[in-house]
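Here are a few exercises to work through with the model open beside you. Try each task before you read its solution.

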Amino acid sequence: MAEDDRSTTTDQGATIEDFLAEERTFPPPKSIVSGALVTDRSLYDEADADFEAFWADRARELTWFEPFESVLEWDLPFARWFADGRLNVSYNCLDRHVEAGLGDRVAYHFEGEPGDSRTITYAELLEEVSRCANALRSLGVERGDRVAIYMPMVPELPVAMLACARIGAAHSVVFGGFSADALRDRIEDAEAKVLITADGGWRRGQPVALKANADAALSNGARSIEHVVVVRRLGDAAPDTSMAEGRDLWWHEIVPSQPVHCPPEAMGAEDLLYLLYTSGTTAKPKGIMHTTGGYLTQVAFTHRYVFDLHPETDVYWCAADIGWVTGHSYIVYGPLANAATSVMYEGTPDHPGRDRWWSIIERYKVTILYCAPTAIRTFMKWGTEHLEAHDLSSLRVLGSVGEPINPEAWVWYWQHVGGERCPVVDTWWQTETGAIMISPLPGLTTLKPGSATFPLPGVAAEVVDDAGTRVERGGGYLTLSRPWPAMLRGIYGDPARYRETYWSRFPGRYFAGDGAKVDQDGYLWLLGRVDDVMNVSGHRVSTTEVESALVDHPTVAEAAVVGATDATTGQAVIAFVTLKAGVEVDEEHGEALRRHVASKIGPIARPRTIIFTEDLPKTRSGKIMRRLLRDVAEGRDLGDTTTLADQSVVEELRTRATSQPAEE
Ligand code: WTA
C-alpha cells in the first residue's frame, strides 16, 4: 500500500488509519458478462449527466395511473419525488404482470420449516391480495390508515403488505422476534387500526407463539387496535390461541370468502407506503417513513441491476426476514415489481440439519442468493461438508448485506458457495435509504473482497472528514450528497428528530452513521458504524478491520471487537472470539491471535484482551450487539437486552471477561 494511502489527517488533527490492505481483485467472470444486463458504463454516464432525468426514466418503467410531470422537489432535508403522479404499488407488483400474460409465473416458492411447501403464481397472489384487501376494508380500514403486521415468514405476510398497499393503508411490519412491549410501542406510535398476526410460526423445530404476544401487547395499551386478524399457521401445535369475541377474527374465516376483485387505489407518489421502526441512539425507536413512487422506482431498479436479474429464468432467494428492510425491499417490493420468481423460507438454517439452505438451493435451482455476512460466517464455522453434499451449480450471483463483509468470509462465500464462478455483490444501504446505494454490478465491476465498490448510478455517496470536506482517498464518514428516490421521507411524527439525526452533522448532507474509506482506485470500504471506531494512542482503528484480521486466522470462526477505556492508550482493543468447531483453546492461543492481528494490521491494533466464547450476543436479525460487548468490556451495567436473540450469552461473557486478566 502506498504510504500516502495510509491515513487522512482531519482538521482536528485526528488520524483515520486504514491499515488493512486487501490486494486480491476479481474481474467479472465471462459466463456472467456474456448475458449480463450491464457490461458498460452507459447507465453511470446517463446518471452523471442528469440524475433527475435518469431517475425519471427509471420511474417511467413503472405503470402510472397518472403520469408525473414533477421529478424532484427538494426542500432540504425534505424530498418529494414524482409528486404529481399517481400509481398503485400492488398494481405494479401484480396486476400489470398478470395483464402482460405472466399470471402463471411463480411469484413465490414457499417452504415452511417443517418441510411443507406452497407454490404461488402471480395470478394466485393477485387473487389472495385482492381478497385480503377486501377483508381489511370490511373491517373499516381506509386509505390513510395504518395496519400493524406481526407475523412469521409465511406467504400471508407479503399478501397482507400488498393488500394494505392496494387500498392505500400504510403497513408497519414488526419483526416476529420482537417482544410484546416492542409491538405495543410500535402500534401506539403508528396508531394502527388493525393488527394482522398468526397463531405462531416454526423455529428450529419448535412452535413459537405470536398471538399470545399480541394479546399481551394489547392488554396494556395499543388502544387504537379495533380488530386482530389471525393466520392459522401452527394449528393444533399452537399453545392455546385465545380469540377475543368481536375483536379477533381468523384469516381463514374472513379472507377466502371475499370477492376476488378489489380495484387498486390511485395513490399519490408521495403517499405513505409503510413505516418500519429502527433503533436509534435513544430508547424510542424511529418510525422510518417510505412512500410509493420513488421507493418502488429505486427498489425495482436496484433489484434488477444489482443481481443482474433475468426474470424469465432466474430463481432468486433473499434469506432475510420480511420484518427487516431487506425483506421489504428485496423479498417483497423489488422482486415482485420485476416479476421475479423467489424462494421464501420460514425457518432457521440448521433445521433439521445444517445443510438446510443448500438443500433448498439444490431443490429449487436457486440462481441468485442474497444473505448476510453473519450467516456466511456461521456456515464457515459449521464446515464445508454440509455444502459439498449438494449441487449448487445453479447459482450465478451472490449478494451480501447488513454489515461489512470481511475478506475471508467474502472469499469463502465466493469459493465454497459460488464455486468460484459467481460474482459476490456486497450491497451497502440502510432502512433509511430504502434501497441499495453502493454495490458492484455483476457484469461490469471488478470486485475486491470486502469492498462494496462504488455508488450505483444516480447515487451520490461521498466520504468526508470531520470538517465535512470531501476525502478523495483515505478514511472518513460516509455521506449522501444528493436526494435519492427511495430515501426516507422522515421519522413518523417527528420531523425535528429527522433533521437532527441525519442532516445536522454535515450541513447539506445525509450522514449515514457509517465510517468508510476510499482506496487508491476509488473503491469504497465500509468500516462499520462510526461509534465502532476505536481510538488507540491517538490512532483511529476500525473494529471491522481488526475483526477481519482475526477471522483471517485459520482457527477463528467469528470475532467482534470493541474499544474499552485504557489509562495509557485511551482505548484498548478487546476482542471476543469464537473458534471453529474442534479447535482447542490453549494458553498460547490468545497470544497467537494477537500476533496475527499485529502482523496483518500493525502492533497498534493488537488486542489487549481476547475473550474466547462459544457465541456472540446478537440481535434477532443477526447483528452483533457491540454496545453490549462494550459494556461487558468496560465492566458496566448492561442496560436493555430485550433485543437479544439469546439472553444467556451475555451472562456467560461477563463471567469470562471478569475472570480475564486486564493486561497480558
Ligand atoms: C450496515 C440493512 C457494511 C451499516 C440493509 C448500515 C453495511 C446498517 C452493509 C444499516 C454493507 C448494511 N457493508 N455495512 N454492505 N449493509 N450495513 O438499517 O452500518 O438494518 O448503516 O439496513 O447496516 O442497517 P439496516
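**Exercise 1: where two domains meet**

Task: Find how many residue pairs are in polar contact across the interface of domain 1 and domain 2, and see what domain 1 brings to it.

Solution, step by step. Two residue pairs turn up in polar contact across that interface, both at pLDDT 80 or more (N or O atoms within 3.5 Å, one able to donate a hydrogen and the other to accept it; residues adjacent in sequence count only if both atoms are side-chain atoms). Next, look at the elements: α13 (373–382) and α15 (407–417) each put at least two residues into the side of domain 1 that touches domain 2. With five residues, α13 gives the most to that side. (Helices are DSSP runs of H or I, at least four residues, and strands are runs of E, at least two, numbered from the N terminus.)

Keep in mind that this is a predicted model, where local features need pLDDT of at least 70, side-chain atom pairs need 80 or more, and totals for chains, interfaces and linings use all residues. Residues are numbered from 1 along each chain as its sequence is written, and side-chain values use heavy atoms, leaving out hydrogens and water.

**Exercise 2: the salt bridge**

Task: Which residue forms a salt bridge with arginine 377?

Solution. First, the count: the rule finds one salt bridge across the interface of domain 1 and domain 2 (a side-chain nitrogen of Lys or Arg within 4 Å of a carboxyl oxygen of Asp or Glu). Then the partner: arginine 377 pairs with glutamate 558, and their closest N and O atoms are 3.1 Å apart.

**Exercise 3: around the ligand**

Task: Track down polar atoms that sit by nitrogen or oxygen atoms of the ligand.

Solution. Start with aspartate 426, which has a polar side-chain atom 2.7 Å from a ligand nitrogen. Move on to glutamine 430: a polar side-chain atom there is 2.9 Å from a ligand oxygen. Finish at proline 404, where a polar backbone atom lies 3.3 Å from a ligand nitrogen.

**Exercise 4: odd backbone spots**

Task: Is the peptide bond from leucine 76 to proline 77 cis or trans? Check two other spots as well.

Solution. Most residues other than glycine have a negative phi, and most peptide bonds are trans. The bond from leucine 76 to proline 77 is cis, with omega near 5°, and proline 77 sits in the loop between β3 (72–75) and β4 (78–81). The bond from histidine 351 to proline 352 is cis too, with omega near -5°. Lastly, aspartate 308 has a positive phi of about 50° without being a glycine; look for aspartate 308 in the loop between α10 (293–306) and β18 (315–318).
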